[in-house]
Structure formats: C-alpha cells, structure tokens
Amino acid sequence: MRLTDWLLGLALGALTGGLVLEAGVSVLLVVVPALIWAARERTRPLGLAGLLVGVGVGVAGLLAWADARCSADPSCTIGTDPTPYFVLAVGLIVVGAVLTLLAVRRPGPRSDAAS
C-alpha cells in the first residue's frame, strides 16, 4: 500500500506540474486540495512525497521539452528565463526524495503486538 500511495502522488503531481504550465494557474484548484490532504495524512507521508516529486518532474519535463522544441526553431524565443522554474522543480524533486527516504526508513506499525 505504501508504494501505491507514492505512485498515486507521483502521477497526480506529474500531471498537475505539466498542466500548470500548459493550462495556467487554474489547475492549482486540483493540486492545492491534494497537497492539503497529503500533508494532513500523517499515516501515509509517501503520498505527499510522491506528489512533490511528481510536480517537480512534470514542471522540469515540460520546460525541457519546450526548450528542446524552441532550440530547434531559430525563430522561436522564450519570453522569460526558465532557469528559476528549473531550480524550483529540482528543489521540489529533492524535497520529495528526502521525504520519501524519511518515510521509507520510518518504522511502520508493529503487527506482532500482544493483545
């Protein structure tokens, strides 16, 4: 179940990270409730970790794809410098990876407790 939480967070985060760049800020209406829910879910922190990694991967992947397409066309120019967005995306990936490692190393509930 723990891997499922992380993968669901990763999928939602990647989808949201890419959609924010494509569709705009209105997509945050989807991710903000998910972030609040994932942050409040103390028993399953892997969902939040996967969500953070997914948002970072989605943003970085879409920016890298746009940069590659724009570099192939000499008439294409990017309006703003994407470096701060890459830095933010990498920061989200690092924070999510650290939270993943902490959650995996955290001991789970004991199943051999005496009743």
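Modeller: Before we get to the pockets, one convention: Ala, Val, Leu, Ile, Met, Phe, Trp, Tyr, Cys and Pro count as nonpolar, Asp, Glu, Lys and Arg as charged, and the others, Gly among them, as polar. Also, keep in mind that this is a predicted model.

Colleague: Thanks! How many helices and strands are there in the protein?

Modeller: There are four helices and zero strands. Read from the N terminus, the order of elements is α-α-α-α.

Colleague: And what share of the residues counts as buried?

Modeller: Of the protein's 115 residues, 29% are buried. The exposed area comes to about 7,800 Å², and carbon and sulfur atoms supply 70% of that.

Colleague: What about contacts between residues at least 6 apart in sequence: what share joins residues at least 24 apart?

Modeller: That share is 74%. Ala49 and Leu99 illustrate a pair that is distant in sequence: they are 50 residues apart along the chain, yet their C-alpha atoms are 5.4 Å apart.

Colleague: Let's stay with Ala49. Which helix is Ala49 in, and is the residue buried or exposed?

Modeller: Ala49 belongs to helix H3, which covers residues 46-72. Ala49 counts as buried because its relative accessible area is 0%, and the cut-off for buried is under 20%.

Colleague: Which residues does Ala49 contact, leaving aside neighbours within four places in sequence?

Modeller: Trp6, Gly96, Leu99 and Thr100 are in contact with Ala49 on that count. Thr100 sits in helix H4, residues 83-105.

Colleague: And Thr100, is that one buried or exposed?

Modeller: Thr100 is buried as well, because its relative accessible area of 16% falls under the 20% limit. Leaving out neighbours within four places in sequence, Thr100 contacts Trp6, Leu46 and Ala49. Trp6 therefore appears in the contact list of Ala49 and again in that of Thr100, with the contact cut-off set at 4.5 Å between heavy atoms.

Colleague: Nice. What can you tell me about Gly54?

Modeller: Gly54 is another residue placed in helix H3. Gly54 is buried, with a relative accessible area of 0%. Not counting residues up to four places away in sequence, Gly54 touches Leu10, Gly13 and Ala14.

Colleague: How far apart are the C-alpha atoms of Gly54 and Gly18?

Modeller: They are separated by 9.4 Å, and the two residues are 36 apart along the chain.

Colleague: Switching to H1. Which residues of H1 are buried, and what do they pack against?

Modeller: The buried residues of H1 are Asp5, Gly9, Gly13, Thr16, Gly17 and Gly18. They pack against H2 and H3.

Colleague: Some of those are four places apart. Why do residues three or four places apart point the same way?

Modeller: An α-helix has 3.6 residues a turn, so residues at that spacing point the same way.

Colleague: What span should H1 have, and what do its end C-alpha atoms give?

Modeller: At 1.5 Å a residue, the 22 residues of H1 should span 32 Å. The end C-alpha atoms of H1 are 31 Å apart, which agrees. After H1 comes Gly24, with a positive phi near 105 degrees.

Colleague: Pocket time! What volume does the largest pocket have, and which element gives the most to its lining?

Modeller: The largest pocket holds about 200 Å³ of space. H3 gives the most to its lining, with five residues, and H1 (2-23) and H3 each supply at least two. The lining includes Leu21, Glu22, Trp65, Asp67 and Tyr85.

Colleague: How do the lining residues of the largest pocket divide into nonpolar, polar and charged?

Modeller: The split is eight nonpolar, one polar and two charged.

Colleague: And the second largest pocket: what is its volume, and which elements give two or more residues to its lining?

Modeller: The second largest pocket has a volume of about 160 Å³. H1, helix H2 (28-40) and H3 give two or more residues each to its lining. Among the lining residues are Thr16, Gly17, Leu28, Val55 and Leu92.

Colleague: How does the lining of the second largest pocket divide?

Modeller: Here the count is 10 nonpolar, two polar and no charged residues. Thr16 and Gly17, both in that lining, fall in the polar group under the convention I opened with.

Conventions. Residues numbered from 1 in each chain as written. Predicted model: local features only at pLDDT ≥ 70, side-chain atom pairs only at ≥ 80, totals over all residues. Heavy atoms only, no water. Buried < 20%, exposed > 50% of the residue type's maximum accessible area, 1.4 Å probe, protein only. Areas by Shrake-Rupley, 256 points an atom, 1.4 Å probe, with all protein chains shown as cover. 1 Å grid on protein atoms, 1.4 Å probe; cavity = no way out; pocket = protein on both sides within 12 Å on 5 of 7 lines; lining within 4 Å. Points joined across faces, edges and corners; volume = space filled by probe spheres on them. Expected span 1.5 Å × (residues − 1).
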